[in-house]
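Could you walk me through this model? I'd like to go feature by feature, with the cut-offs spelled out.

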Amino acid sequence: MIWLTYATCCYCQPSQLYFNHLTQNDGLSQTTNNVIFQDSKGFVWISSLNGLNRYDGQNIKRYKSNPKDPHSLPGDYIQSRIIEDDSTNLWFTTYEALVCYVRKHDHFEIFQDTADNGHPIYGYLLGFQLNRKKLAIIEGTSDLMVFDLETKQFEKKAVLPSNIKRVIPTRDSEDSISSIIAFNYDEPGLHFIEIESNVRKKYAIRFDGATNEEPSIHASDAIRAGDTIFVAGKEGFLRFHLKNDWWDFYPTADWYPSRLAFFGDGKIIASLIGGGWLFINRKNFPTGTRFDHDPDNPWSLSSSSLYGVWEDPTGVIWTGVSGKGVDFTQPRKVKFKTLDIGKLWNILEFPVGVQSIVEDQEKFLWLASSSGIYVLSPEKKPVRHFSNSSQENKILPRNNVHNLLIDKKNRCWAFTWNGLGMFDIEQDEKSFHQIDTTKIYIFGLELNEGQLIFSNANGGMDILNESGEVLALNNLESFPIKAKYTYLFQNHHKLLYACRDLTSIEVRDPANDFKVKRELLFKADIHYFYEDVIQNVLWIASSNGLICVDQDTWQMEIFTEEDGLPDKQIYAVSQDGTGMIWLSTNLGIVRFSPSENKFHVFDIPDGLQALEFNARSFLKHSNGEFWFGGINGVNYFHPEKVSFIGTPPKIQFTNLWVNENEVPHPECVLTKATNISEVKKLTYSYRENTLGFEFAALEFSNPQKNAFQYMMKGYDKDWVDAGTKGYARYPNLPPGSYTFMVKGANSDGVWSDPHGIEIEITPPIWQRLWFQILIGLIIIATAYLIYRSRLARLRKQYVLQQKTIESEMKALRAQMNPHFIFNCINSINAFILKNKSALASEYLNNFANLIRQILDISSEETIPLEEETNFLESYLKAEKLRLKEKLQWNISVDENIDTFETVIPSMIIQPFVENAIWHGISPKETTGLIDIRISKEKEALVCIVQDDGIGKEASKERRQKLVTEHQSKGESNPKERLALYDQRNKTQSSVDSIDIYSPDGQATGTRIILKIGLRK
């Protein structure tokens, strides 16, 4: 059979793919990479002839053999497939052994079989997974072995033809593997082998060239779909049906397939040696779309010679590239279709940029460029090229066309630097008519009334006047002749916006001779307008950002890079049916959501012709497509149909730094795992509190644009935007418990759930709770002991002080008693000397009774008020006898006072009464009166002792004359006793003395106010 033409395929497959490249400069250990595998955690594993590579989207970690490390690889030559078991450990083979990557500890375990003589066996090739617990391995040169994942034992299953390099399992009706297809790359033929439990084998070889009925195939790969086997070989493609025993062979020339993989639903990808990639529709095998290396396109395949091809679970396709490394692409990433105008017209010497796009009334598209005007049919097929370089020199005024306009009469106006050209599409003429070659026109606009106006690069504005076939451009006098207008726009209110001199926007009224109604000051080059009629808002693309103008209030809002734009140079703007604003910029296409105030930037892998677009190069196609013109062609798309990669990235921690030192194997305090991606919790001391985290977002549509946010819960108040940098550092974390969380977004802005790791920074011993409790208990115990000791000392001091006070009070009372007794004995002696025996006897009886009372109460510190007043009565009677009846007294106690319950210091009133008698009453010639009144005032007992004697001043003079007379202690001793009484009982007492005078100023007595504090 003949080989079919691949370019005729019409199934749903992107017309362009954008490849990411991994090379040794990115960290690959070697450029021969035949096996690529993505595990369930999201990491991509890449085999090589020089070790194993793990790729996380940002960095490559290399694993190599190390004779000094028993947990390293046994050898660096890795070309087998990789299988993940139920514990997420990875299995593969080197020449030396079967190898298990133990994920929990990020190291390898080696399993090696031995021969009957006890010597180790070499030459292992992992074939396939027989079931969940067993692996099928080619051992030595011909033995098919089974390795039990639970017992870790080898068991022989079958004997294979020698030097088999690849086995493909086939399944029976019960979906169990009962047979295999085996082949050797260097020898033709496929071996069909049935595996039996008794280790016998049945096999037949096909397609080895032994008969002329079948082609000879040096198979390099095979895959199975149902009962159909698809084979890739050096001779071409083979399709073989097992049950019906029919086959098709498709030979190739110049290139041949090396590996096959299923892609999506009903498709196969073939990597080609010398031919790139081939996307094949399985139903029409092997026709498809081919992608090859393009030396002028850095986003194409790195080479045309590819080793292998694999699709990961998210739809990303990976391939090993001969001598280059690894390429990968996500077909679903492409959102925009590209028209390469140069390739359509077979212009290969330079890129064709599109500077303006218009659509005529017949749905044909007119594209302006620096090399003329290109016309496309409604089906986007090339129709015509207008160029001044053709034989007809006047087809265009000049090749460099910077703007196009199609008016309502279906005429195309071309703006060049050599004047204005017009092409009547209805007449289908051969060339453009040159309207005016003396002026350079920048921009043109057809007003709602049908008038055509053109801005002049030299200044001013012209209007088109038509008289039959004569076209004339005349100056509009309303516009300043020296003003340059770079862009014109008419809104739905029919107002004209004229952008002037890169400094302002004039709002003019065409119905009123173009008079200026308003001027908006804004220094920028205005490129494009879009009017949101519903919101009455203008969106303006400018060289200084995106401008939003409210046409009701004329308020202006400007968006720049600080708001999320990739660049402030905005070339065109429009709005789709969902309210999204679309922009072309100097750094890609941007979608802006006004309701969320968010920008999404589209990059080269999204399908852009280039990052850079051209000013005013935009068309909203009649079919709803948006067309943006750029430096390498056109991007077109339905904005409402743009789809995004909905797969959020898997977040993994890839490295840890403690106090600026890398920690290769941190130990999890919960699981004892030493692989940072498996660690759940880490604990460090307060001295190890500067932490650095490396993390990756494992989604490979465009991994360079994956974004990160992180937060140290318990330390940060909000998420920290890390951009595309997968690193965070926390210096000098205070002791405490934290959770470091990371979330990531793929290149389409789809965010993952947070992924975290618990962190505990233990405090120093003096900050730990148990230590603080212990110290607290010690402090409390010490304080208690000090308190007890202090209390004991205070008690001892208090007892001593009380004894001292009591002794002092007794001494004072004792001092007062002899004084009083001495006075009484002197009186009795006077009676005796005067032979007044009767009086002396009466006085002596009273004196004896008084002495008995003194003896009873003087030993007591306090006595009831009743006893004190009785004592005063006895004392006053004795004094009355002594004074020859010249003494009268009155003792009155407030009836509200309980005289039995009220306690006062013993004999505390008597000294004041005695003082009044001896110094106030005695010197008088007439009878004296002592008035004693006792009442209660708050917490004190008030005792007023008032006499009508000679007064304090006269008494003082008299005492000074009688210097030899015994001095009374009546004033000083009671005050000292009251002070001691107050100190002991925490009361407040006082003594005040007041002289009493008659109206004519004569002294008539003394009043003593004694306040005795009452104990509670």
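Below is a run of questions and answers on strands, salt bridges, burial and surface.

Me: Before we start, what kind of model is this, and what are the ground rules?
Reply: Residues are numbered from 1 along each chain as its sequence is written, and side-chain values use heavy atoms, with hydrogens and water left out. Local features need pLDDT of at least 70, side-chain atom pairs count only at pLDDT 80 or more, and totals for chains, interfaces and linings use all residues, since this is a predicted model.

Me: In the open sheet of 4 strands, what is the strand order?
Reply: Strands here are DSSP runs of E with at least two residues, helices are runs of H or I with at least four, and both are numbered from the N terminus. Two strands pair if DSSP finds at least two bridges between them. The edge strands, each pairing on one side only, are β46 (526-532) and β49 (556-559). Pairing is antiparallel, and the order is β46-β47-β48-β49.

Me: Which residue in β47 stands opposite I526?
Reply: β46 runs antiparallel to β47 (residues 537-542), and 6 bridges join them. The partner of I526 in β47 is S542.

Me: In the hairpin of β42 and β43, which turn residue has a positive phi?
Reply: β42 (residues 485-490) is mostly covered, with 6 of its 6 residues buried; buried means under 20% relative accessible area, exposed over 50%, and partly exposed in between (1.4 Å probe, protein chains only). Over 5 bridges, β42 pairs in the antiparallel sense with β43 (residues 496-500), and Y485 stands opposite R500. The hairpin has 5 residues between its strands, and the turn residue with a positive phi, about 70°, is K494.

Me: And which residue takes a positive phi in the hairpin of β61 and β62?
Reply: β61 (residues 707-713) and β62 (residues 720-723) are antiparallel partners over 3 bridges, with F708 opposite G723. There are 6 residues between the strands, and the one with a positive phi near 100° is G714.

Me: How many salt bridges does a search of the whole structure find?
Reply: A salt bridge here is a side-chain nitrogen of Lys or Arg within 4 Å of a carboxyl oxygen of Asp or Glu. Some share partners, and K333, K335, D606 and D748 are joined that way into one network. The search of the whole structure gives 36.

Me: How many residues apart are R206 and D245?
Reply: Their side chains meet in a salt bridge at 3.1 Å, N to O. D245 counts as partly exposed because its relative accessibility is 42%. R206 sits in β17 (residues 201-206) and D245 in the loop between β20 (236-241) and β21 (247-251), so the pair links distant parts of the chain, and the separation is 39 residues.

Me: D227 and K243 form a salt bridge; how far apart are the closest N and O atoms?
Reply: D227 lies in the loop between β18 (219-225) and β19 (228-233), and K243 in the loop between β20 and β21, so the bridge ties together parts 16 residues apart in sequence. K243 is exposed at 66%, whereas D227 is partly exposed at 23%. The closest N and O atoms are separated by 3.8 Å.Me: What is the N to O distance between E466 and K409?
Reply: E466 is in β40 (residues 461-467) and K409 is in the loop between β34 (401-406) and β35 (411-416), so the pair ties together parts 57 residues apart in sequence. E466 counts as partly exposed, at 36% relative accessibility. The side chains meet at 3.4 Å.

Me: Is L876 buried or exposed?
Reply: L876 is found in helix α4 (residues 865-882). Contact means heavy atoms within 4.5 Å, and beyond its neighbours within four places in sequence L876 touches L887, W889, I891, V913, I917 and I932. Its relative accessibility is 0%, so L876 counts as buried.

Me: How many of the 12 residues of helix α5 are buried?
Reply: V913 and I917 are among the buried residues of α5, and both are contacts of L876. Helix α5 (residues 910-921) is largely enclosed by the rest of the structure, because the buried count is 11.

Me: What is the relative accessible area of Q30?
Reply: Q30 is in the loop between β1 (20-22) and β2 (36-38). Leaving aside neighbours within four places in sequence, its contacts are Q24, S48, L49 and N50. Q30 counts as buried, with a relative accessible area of 18%.
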